[in-house]
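Trainee: I should like to take one residue of this model and go through its surroundings closely. Please describe its setting in a single connected account.

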Amino acid sequence: MYQTITPENRAKYAATIDSMHRNRYDVCVRQWGWDIPGSKPGYEKDQLDTEHTVYVTVTDPDFGKVVASTRLNPTIEPHMMSELYADYCNLQPFPQRDDTWECSRYVIDRTLYHDPVKEYKIRCNLGIGMTRFCLDNGIRQLSWLTHEKFYKLTQQVWKTEPLGLPVREADSDWAWVPALSQIDEATNADQRQRLANAESVVAELLRAKSIRKKSRAA
Amino acid sequence: MILNNSAHVLGAIRGIQEAEKPDEVMRIFTPYVERYGFAHIHLGQLVNPANIAKKDILSISTWPGELMSQRAEKYDLLHDPVALGALRSKRPFRWQKAMEWATRRGQRVIDQTRDFGIRDGYVFPVHSIDSVSGAVSLGGDQLDLSRTELAEVELVSLAAYARLETLLGPFPYQKIEDLTAREAEVIQFAAAGKTNRDIATILSIQPDTVNKTILRAALKLGTLNRAHTVATAIAKNMIFA
């Protein structure tokens with residue numbers, strides 16, 4: 001269900017890439033309210049979408065477009081941490097190594113889904129696609145600047161530790177945490193397991209809600 | 001520049017992440033926060049105790065048992081200005097800040113905690129993509145933390161919370177669905193005391209449509225009636241107070 005778009009196969013995925021940039025605009029600019037310098041209206045692309053960038057995308061045939069994607073950049077090339085946020089890494093230096101890539105623009109358009117199982121499967125697919133690309137290409141670590149809410153999730157999915165203390169930018173109360181996650185086969189197996197059991201995982205998570213509704217009905 | 005205290009912070013986080021049992025997490029977390037002057041830990045998910053049993057949520061406390069029993073008996077969480085602030089705030093804040101929005105009952109909740117010798121503290125809100133919000137509330141006496149120290153405690157608190165949630169969970173998923181623009185608009189007018197007929201006139205729609213919109217919003221928010229829906233929408237920052 002996911003596509004891995006590398007510099008080598010990029011020509012084949014021109015339409016998917018176009019759809020991805022449009023989806024990124026919908027989520028990052030319209031929904032999250034980010035101000036991204038240089039972005040064209042309706043199309044989010046910046047200086048870190050480079051010739052080295054790899055994208056993992058998830059297309060939903062029901063919508064006929066990309067609904068989730070992420071961007072991976074090698075840390076031996078210019079990347080977000082080296083170019084923009086080096087000073088955020090005040091607990092340990094950000095790694096710049098062949099086996100460490102940077103993940104950014106981890107985007108899922110959650111407004112499209114009323115069915116929590118379907119949304120959960122989209123999320124699982126994006127995570128699996130990203131982890132799989134890393135494992136197949138000798139990438140053992142991913143660095144990212146994570147939103148506080150997402151940082152909690154990264155800690156629970158990947159073995160993750162912070163590179164710096166939480167930072168709050170002047171115009172936002174939300175904290176950002178630079179982080180480094182280990183990528184391994186065990187994580188990929190867990191992700192696949194969660195996707196295979198998506199119905200029961202989500203049902204378990206929804207349990208309290210249904211108990212509450214039943215008690216009201218009674 | 002790497003902070004002097006970085007090894008200490010990372011050591012605590014790595015230890016917490018490797019802990020296999022909740023008490024191992026607490027054996028690392030407790031002495032860590034003690035170094036910053038915190039003697040009492042209370043952490044957990046912030047849900048309505050009238051709706052969900054405590055056994056179904058993450059809840060760990062080193063507060064005196066008697067205080068906890070008293071709080072549970074009277075559903076004090078619903079009035080606790082620190083807890084209510086943590087639901088809304090994205091930043092850590094000092095307990096005394098919560099007195100700004102405390103009701104009279106809320107002030108009594110704070111006073112009751114002080115009666116047990118827990119006089120000062122900070123709360124570190126924990127927000128998630130999947131789960132209900134929670135908080136790590138740390139109590140002490142005469143606390144004086146720098147901004148960096150506060151961030152150090154915040155980061156280790158987030159690690160402890162995430163690890164405990166993983167070890168003790170899964171806990172109930174309670175995604176609060178977003179209201180549509182129309183639902184928010186209708187609830188906003190209901191919050192201003194307008195009747196369905198008033199709202200229908202203002203928005204040029206049928207009163208029946210207003211009613212259905214409110215019911216749909218109530219279903220999303222899991223609320224019981226109009227007042228409950230308005231109050232919940234305000235508490236979740238979905239409409240203006």
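Mentor: The side chain of His127(B) reaches the backbone oxygen of Ser89(B) at 2.7 Å. This is a predicted model, in which local features need pLDDT of at least 70 and side-chain atom pairs count only at pLDDT 80 or more, while totals for chains, interfaces and linings use all residues. Residues are numbered from 1 along each chain as its sequence is written, chains are lettered from A and ligands numbered from 1 in the order in which they are written, and side-chain values use heavy atoms, with hydrogens and water left out.

A second partner is Ser133(B), whose side chain forms a polar contact of 2.9 Å with that of His127(B); a polar contact is a pair of N or O atoms within 3.5 Å, and within protein one must be able to donate a hydrogen and the other to accept it, residues adjacent in sequence counting only if both atoms are side-chain atoms.

His127(B) lies in the loop between β4 (120-126) and β5 (134-140) of chain B, strands being DSSP runs of E of at least two residues, numbered from the N terminus. The residue is buried, at a relative accessible area of 5%, where buried means under 20% (1.4 Å probe, protein chains only).

Beyond its neighbours within four places in sequence, His127(B) contacts Glu148(A), Lys149(A), Lys152(A) and Trp174(A), and also Ala86(B), Leu87(B), Ser89(B), Lys90(B) and Ser133(B); contact means heavy atoms within 4.5 Å. Gln45(B) stands 82 residues away along the chain, and its C-alpha atom is 9.6 Å from that of His127(B).

How values were computed
Helix = DSSP H or I, 4+ residues; strand = E, 2+ residues; numbered from the N terminus. Buried < 20%, exposed > 50% of the residue type's maximum accessible area, 1.4 Å probe, protein only.
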